[in-house]
Amino acid sequence: MKILDRYLARQFLRIFLICVLGVPFVFIVIDLTDRLDTYLAESVGRVNVLEHYIFDFPYQVLLAFPIAALLAAVFTISRMTRHFEITAAKAGGMSFYRLAAPVLLLGMVISLAALALTEVVPKSNRISKAALEELDRSQDTRLSFVFRGEEGRYYQIKRLDAARRTIANIRIDREGTGYGYPTYTVTAATARWDTAAGLWVLEEGRIRYFPERDVTLTFRYGELWQAAFSERPEALLAQPKAPEEMGYLELGRYIDAIERSGGLARKLKVERMLKISFPFTCFIIVLFGAPLANSTRKGGAALSIGLALATTIFFLTLIRIAQAMGASGVLAPEAAAWLPNGIFLLAGLAMMWRVRT
């Protein structure tokens with residue numbers, strides 16, 4: 001690397017690290033201040049609160065990646081523009097494209113780091129949520145939900161009464177591979193929890209086997225003991241995992257379960273694609289921010305911050321609009337997830353093309 005490359009990289013990384021660690025801290029302080037009364041009213045322990053925010057920190061860092069990358073690019077390039085360092089580099093025979101290469105390369109590295117972080121964040125989010133789970137234990141009834149069990153089983157439950165340890169209207173789906181391990185669907189009007197055996201007993205229902213295509217075996221039963229369905233009623237009361245608590249593959253399996261149960265999962269499909277498209281926002285927004293900062297010679301830090309915030313607000317608005325369009329079926333989930341990135345990529349390339357090199 002040339003001396004100028006190292007200089008640019010240091011400036012960019014210093015600003016990026018300050019923002020990517022500072023912005024989540026501000027969000028956490030605001031959230032703590034807002035929820036402090038609730039924690040005190042529910043007598044939540046200080047250790048639980050601390051654990052919640054420690055494990056929530058990676059998620060906040062991931063959300064801060066794009067704005068931190070944009071601020072780093074805008075501050076780095078605008079500072080060099082105001083101090084005529086870019087003019088000096090051009091006079092020395094270096095084009096703006098070559099000058100901005102380290103910043104763009106770091107933007108891609110940050111995108112790949114964000115992509116890796118998307119698989120770490122769901123685990124930390126689950127731990128963070130579990131630390132405050134006592135805040136959500138007031139209800140003994142849960143209606144119309146899907147629960148993912150072991151060995152690929154999915155339970156679609158109409159009504160759970162944890163106090164009485166009963167279920168009304170349940171359907172169990174498991175995907176198989178053939179006659180040795182067939183796909184099956186079990187339905188029952190009611191189910192009861194057997195405390196001694198530690199499992200659910202289904203009553204008055206049917207079981208259908210699908211060993212191969214166009215082959216169905218159906219049996220009626222009065223009582224069916226489900227050894228694999230051993231989740232306690234209290235465990236089933238837990239709310240379904242939010243998209244940010246599931247990785248890409250896990251969210252895909254959850255979407256399949258919902259669709260097999262006859263539900264719509266367009267919104268979740270958009271969320272799934274965002275797990276790939278969102279990390280690459282960092283590179284695209286750096287590509288957009290570098291020529292934007294170069295075009296402004298006046299204004300100082302205040303203008304740089306204003307440009308970054310305006311761009312971020314516009315980008316987040318686009319994401320929300322695209323999500324709504326994907327959830328309503330106006331756009332395919334893939335198109336909805338990548339639409340904001342596509343718009344900013346085209347704008348960034350157009351601005352790069354118009355830069356005086």
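This passage describes the overall dimensions of a predicted model and the packing of two of its helices. Because the model is predicted, local features require pLDDT of at least 70 and side-chain atom pairs count only at pLDDT 80 or more, whereas totals for chains, interfaces and linings use all residues. Residues are numbered from 1 along each chain as its sequence is written, and side-chain values use heavy atoms, with hydrogens and water left out.

The protein contains 10 helices and 6 strands, assigned as DSSP runs numbered from the N terminus (helices: H or I, at least four residues; strands: E, at least two). Its radius of gyration, taken over C-alpha atoms, is 26 Å, well over the 21 Å given for 357 residues by the globule rule (2.2 Å times the number of residues to the power 0.38), so the protein is more spread out than a compact globule. Along the principal axes, the C-alpha atoms fill a box of roughly 85 × 55 × 35 Å. Of the 357 residues, 45% count as buried (under 20% relative accessible area, 1.4 Å probe, protein chains only). Among contacts (heavy atoms within 4.5 Å) between residues at least 6 apart in sequence, 66% join residues at least 24 apart.

Helix H1 (residues 3-41) packs against helix H4 (residues 96-130) at an angle of about 40°, the axes lying 9 Å apart; axes are lines fitted to C-alpha atoms over the stretch in contact, and angles run from 0 to 180 degrees between N-to-C directions. H1 is therefore oblique to H4 (angles under 35 degrees count as roughly parallel, over 145 as roughly antiparallel, 65 to 115 as roughly perpendicular and the rest as oblique). The contact involves Leu4, Asp5, Leu8, Ala9, Phe12, Leu13 and Phe16 of H1, together with Arg98, Leu99, Pro102, Val103, Leu106 and Ile110 of H4.

Definitions and conventions: Buried < 20%, exposed > 50% of the residue type's maximum accessible area, 1.4 Å probe, protein only.
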